[in-house]
Amino acid sequence: MPAAAHRNLIVIGGSAGAMAPLLDLVAGLPRGFAASILIVQHIGAHNSVLPELLTRRGPLPALFPISGRLLEPGVIFVAPPDHHLLVIDGAVRLSRDPKENHARPAIDPLFRSAAIAKGPRVIGVLLSGWLDDGVAGLQAIKACGGLAVVQAPQDAEEPEMPDTARRYVAVDDVLPAAEIARALTAMTSRPIDATPPVPAALIAEHALSVGESEDAVATLDRIGTPSRITCPECSGVLWEIKDAQPPRYRCHTGHGYSIAALDKAQGARTDQALWSALRVLHERERLLREMAAAHRRRDALADAERVDAEADHIAVHAQQLQHLASR
């Protein structure tokens, strides 16, 4: 690689509590900044005015890009609602590929795709948030020769995401939000020393996540081990990714989870199932009471008692399930 090559792609991820750090970060960047900036903020499918807020706060323009737009130094591209933001060669790609860590847009797909496309030219930044989306992505950036910056957990409104990154990634800087812009400016001015090869397992996992694997099950067998856990999104078998720390899982349709995100998704699914079962029991009891009343109206008292007894049995189960669901 020529000695003049520099880091010129910054990817930033944040979740709960990341808005203020994001605004501080862009406010501290200089006009004519030499790197492209891509941001994923966990917004799901909700409308967002994040580009307008970022543009007003700092000297660089921010926007929701269209798929295929070329990367541009000094421009901030923000992941639109319900779309992953990816880097393919020298351009951005928007997709509605399967959710990762129960999120779309998610941080890991952006970080992973940037690492594969640009290698040591990438700087990954992880801000405030819950759980650990972005941790595997930072690991990918580091594996491809890039740098990793994490907001100091004590400076974060929600420290779980940056704290997990600090524990599992060989980060290059742990900084308060107010100091990150200055650090990024310095990092982009330093030349790149070497370009390590992109790990084959990383390429394979990325292909799975964007639906470009020729044989998803065979690929999963190479990079993972089948588990006895099913995907909360599609109910397919999950493979545990080999040597991943913290543990991660993928299904053949492309959904991906860290162990913390899987726990949260399973908890939500369990909660929904319990309340649905409780509704069915209440409806069953109500129907049985109406049947018992109908039997009494025609003086079939034995039938009424039998059906009432069954309704009483259902009511006991409903009360037990109500207690369990409300815990």
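This passage walks through the sheet, its helices, one strand residue and the cysteines of a predicted model.

The sheet comes first. Seven strands make up an open sheet with parallel pairing, and reading across it the order is β3-β4-β2-β1-β7-β8-β9. The edges are taken by β3 (62-63) and β9 (173-175); each has a single partner strand, so one side of each lacks a neighbour in the sheet. Further in, strand β2 (residues 36-41) and strand β4 (residues 76-78) run parallel and are joined by three bridges. Ile39, for instance, has Val78 in β4 as its bridge partner.

Two helices can be placed against this sheet. Helix α4 (residues 135-143) packs on it and touches β1 (9-14), β7 (122-126) and β8 (147-151), with a direction at about 155 degrees to that of β7. Helix α5 (residues 160-168), for its part, lies across β7, β8 and β9 and runs at about 140 degrees to β8.

Back in strand β2 sits Gln41. With a relative accessibility of 10%, Gln41 counts as buried, because the cut-off for that label is under 20%. Its side chain does find a polar partner: the backbone oxygen of Ser15 is 3.2 Å away. Leaving aside residues up to four places away in sequence, Gln41 touches Gly14, Ser15, Ala18, Met19, Leu22, Leu50 and Pro105.

Helix α3 (residues 107-118) is another enclosed piece. Nine of its 12 residues are buried, so α3 is largely enclosed by the rest of the structure. The buried ones are Ile107, Asp108, Pro109, Leu110, Phe111, Arg112, Ser113, Ala114 and Ala115. Its length also checks out: at 1.5 Å a residue, α3 should span 16 Å, and its end C-alpha atoms are indeed 16 Å apart. Just after α3, Gly119 takes a positive phi of about 50 degrees.

That leaves the cysteines. How many disulfides does the model have? The count is zero. For Cys231, the closest cysteine sulfur belongs to Cys234 and is 3.7 Å away, which is too far for a bond because a disulfide needs the two sulfurs within 2.5 Å. Cys234 is in no disulfide either, and the nearest cysteine sulfur to its own is that of Cys251, at 3.7 Å. As for exposure, Cys231 is buried, with a relative accessible area of 0%, whereas Cys234 counts as partly exposed at 31% relative accessibility.

Key. Residues are numbered from 1 along each chain as its sequence is written. This is a predicted model: local features need pLDDT of at least 70, side-chain atom pairs count only at pLDDT 80 or more; totals for chains, interfaces and linings use all residues. Side-chain values use heavy atoms; hydrogens and water are left out. Buried means under 20% relative accessible area, exposed over 50%, partly exposed in between (1.4 Å probe, protein chains only). Two strands pair if DSSP finds at least two bridges between them. Helices (H or I, at least four residues) and strands (E, at least two) are DSSP runs, numbered from the N terminus. Contact means heavy atoms within 4.5 Å. Axes are lines fitted to C-alpha atoms, for helices over the stretch in contact, and angles run from 0 to 180 degrees between N-to-C directions. A polar contact is a pair of N or O atoms within 3.5 Å; within protein, one must be able to donate a hydrogen and the other to accept it, and residues adjacent in sequence count only if both atoms are side-chain atoms. The expected span of a helix is 1.5 Å times one less than its number of residues.
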